[in-house]
Amino acid sequence: MAVLSGLLAALLTAMRTPLPWNDRTGNAAAQQAQVAPGPVMFPLFARKSGRLYDYEPKGTGGVRPMVDMGGGWDEADALVQANVSERGKGNDLYHRTDGTLYYTAERGNDTKVVGGGWQIYDRLISVGNMGGTAEPDLVARHTDGSLWLYAARPDGLLQPRIRIGSGGWGAMTALAGRGDYTGDGKTDLIARHSDGTLYIYPGTGNYVADGVLGARITVGTGWNVHKLIVSTGDNNDDGRTDLIAADTAGLLWLFKGTGNPGSPFAPRVQIGTGGWAAFDHLF
């Protein structure tokens, strides 16, 4: 953990250092104005061969050239980006090592222990505000196939979990969120089944066990051509939440959200020319 803590300090220092092309200040202002349920624009983080990279959004769709944040990141077996601190403006990290979950704020010098025993989950994502607070929540998939929601607190720690899926989630090969895909102002969950079918699970706005998600909506089939699927919120700044996917050939694609549950995404647009299949994690 000592090695990873040092890397986190270096990363967060770099994230606070202005870069000639970096529009994080503008994006932070947008986050402040649009904290749940409005769409927010996030950077795209990616990891390969133990190195972490930051891709800032262009603001019109796509990402800017990468910033290399350094190596040693293979020590973390889960990495999640979440805008908890600075009233929704900070790009913070949840990271898990040896079953312990940690939280590090972008504008802070300390790493907090969230808790131990997190090895029972095989997937963690930041899903946005499903728990009724202003902070973005975590969704965790248990190894038994159940799904759980942890509502966040302003200090980055988490409230007690509630179950949002009783079983069968082990068949999902991708989970994403961080916004409203159906146009009703509530945060939704994206899931891809092992057969390649993509679904939207609409958020109900009800923070009760097994009542957070509504009946799923089928988006389409054939999504197995994508190795990784992630949401960075409203990537093209049109007021709707988008989806980003890296295909198995190494290309990066943007699926612009429409806000229409019957046809939630416009035809995909290529935003990365190659090499994206080398990443083992996008978040």
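H226 stands opposite D247, a residue of strand 17. Strand 16 and strand 17 (residues 243–247) pair in the antiparallel sense, with 4 bridges between them. Keep in mind that this is a predicted model. Below are some notes on the sheet around that pair, on the hairpin of strands 1 and 2, and on two residues of strand 9.

**The sheet with strands 16 to 19**
- Four strands make up an open sheet here, in the order 16-17-18-19, and the pairing is antiparallel.
- Strand 16 (226–230) and strand 19 (269–272) sit at the edges with a single partner strand each, so one side of each has no neighbour in the sheet.
- Ignoring direction, neighbouring strands of this sheet are turned by 30 degrees against each other on average.
- As general background, strands of a sheet pair through backbone hydrogen bonds, either parallel or antiparallel.

**Strand 2 and its partners**
- Strand 1 (residues 44–48) and strand 2 run antiparallel, joined by 5 bridges.
- If you want one pair to click on, A46 has Y53 of strand 2 as its bridge partner.
- The two strands, 1 and 2, form a hairpin with 2 residues between them, and S49 in that turn has a positive phi of about 50 degrees.
- Strand 2 also has 2 bridges to strand 3 (residues 67–68), again in an antiparallel arrangement.
- There, D54 has V67 of strand 3 as its bridge partner.
- Why call strand 2 (residues 51–55) largely enclosed by the rest of the structure? Because 4 of its 5 residues are buried.

**L138 in strand 9**
- L138 belongs to strand 9, which covers residues 137–142.
- Its relative accessible area is 1%, so L138 counts as buried, the cut-off being under 20%.
- Not counting residues up to four places away in sequence, L138 touches V80, Y94, L101, I125, S126, W148, L149, Y150 and L158.
- G128 lies 10 residues from L138 along the chain, and the C-alpha atoms of the two are separated by 7.7 Å.

**H142 in strand 9**
- H142 is also placed in strand 9.
- Is H142 buried or exposed? With a relative accessibility of 17%, H142 counts as buried, because the cut-off is under 20%.
- Leaving aside neighbours within four places in sequence, H142 is in contact with I120, Y121, D122, W148 and R161.
- W148 turns up among the contacts of L138 and among those of H142.

Notes
Residues are numbered from 1 along each chain as its sequence is written. This is a predicted model: local features need pLDDT of at least 70, side-chain atom pairs count only at pLDDT 80 or more; totals for chains, interfaces and linings use all residues. Side-chain values use heavy atoms; hydrogens and water are left out. Buried means under 20% relative accessible area, exposed over 50%, partly exposed in between (1.4 Å probe, protein chains only). Contact means heavy atoms within 4.5 Å. Two strands pair if DSSP finds at least two bridges between them. Axes are lines fitted to C-alpha atoms, for helices over the stretch in contact, and angles run from 0 to 180 degrees between N-to-C directions.
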